[in-house]
Amino acid sequence: MPHTVTILLEKWKNGNQAALDDLIPIIYEELYRLAKSYIRGEKNNHPLQPTALINEAIVQLLGTNSDYENRFHFIAIVANTMRRVLVDYARRENARKRGGGYYCVSLTGFKTSIAPQDIDVLTLNEALNKLEQLDPLQMRIVELRFFCGLTIKETAQALDISTTTVTNEWAIAKTWLYIELNHNEDC
């Protein structure tokens, strides 16, 4: 299946719009799981449903000229786009409330005891942007491991690096994020 996804991505990149129609059903379950994970981490009663989050992310991607290398790369870009959709939503909500209240997400997906339970989605986004400036590789690893749910081995394959490098950089990134996020305990 990953090979089929890569072929369809290549066709879509070359202008074959029908390839996107063939691609979405193949990866929809994975995208739905990812979107559901994002929504589950959001504040209760979040108005966006997983399907709406997927649709919004895909619509935003349709307007870009991204060069998707393979299934892992495409999923990582969709995950990043979903994060941006939720951040934009949180910004609109905070602006609507004129700064009142914070919009919190759960970081239970970190699967580590060092992550705080809830954190402001805007604070998380700011921390991830800082991490990307400091170490783009660590940011890519966080995207693939945390947001896409890839294993160490899958992350290594997607980034074409060793599993040892992924393990070490993942540990450093988690520690850095923990420290960065605990500087602001507003949630």
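Is Phe 74 buried or exposed? Select it: Phe 74 is at 0% relative accessibility and therefore counts as buried (under 20% relative accessible area, 1.4 Å probe, protein chains only). The model is predicted, so local features need pLDDT of at least 70 and side-chain atom pairs count only at pLDDT 80 or more, while totals for chains, interfaces and linings use all residues. Residues are numbered from 1 along each chain as its sequence is written, and side-chain values use heavy atoms, without hydrogens and water.

Next, add Trp 12, which is buried at 11% relative accessible area. Its ring centre lies 6.2 Å from that of Phe 74 and the planes are at 85°, so the pair is edge-to-face (centres within 6.5 Å, planes over 60 degrees apart; the six-membered ring is used for Trp). Trp 12 sits in helix α1 (residues 2-13) and Phe 74 in helix α4 (residues 71-96), 62 residues apart; helices are DSSP runs of H or I, at least four residues.

Widen the selection to the largest nonpolar core (buried Ala, Val, Leu, Ile, Met, Phe, Trp, Tyr and Cys joined through side-chain atoms within 4.5 Å). This core has 49 residues, and Phe 74 and Tyr 38 are among those with the most contacts inside it. Helix α4 gives the largest share, 10 residues. Around Tyr 38, the residues touched (heavy atoms within 4.5 Å) include Leu 53, Met 82 and Phe 147, not counting residues up to four places away in sequence.

Finally, select α7 (residues 152-159) and α8 (residues 163-182), whose axes, lines fitted to C-alpha atoms over the stretch in contact, are 8 Å apart. The contact includes Ile 152 of α7 and Trp 170 of α8.

Terms used:
Rings of Phe, Tyr and Trp (its six-membered ring) pair if their centres lie within 6.5 Å; planes under 30 degrees apart count as stacked, over 60 as edge-to-face and the rest as tilted. Helices (H or I, at least four residues) and strands (E, at least two) are DSSP runs, numbered from the N terminus. Buried means under 20% relative accessible area, exposed over 50%, partly exposed in between (1.4 Å probe, protein chains only). Axes are lines fitted to C-alpha atoms, for helices over the stretch in contact, and angles run from 0 to 180 degrees between N-to-C directions.
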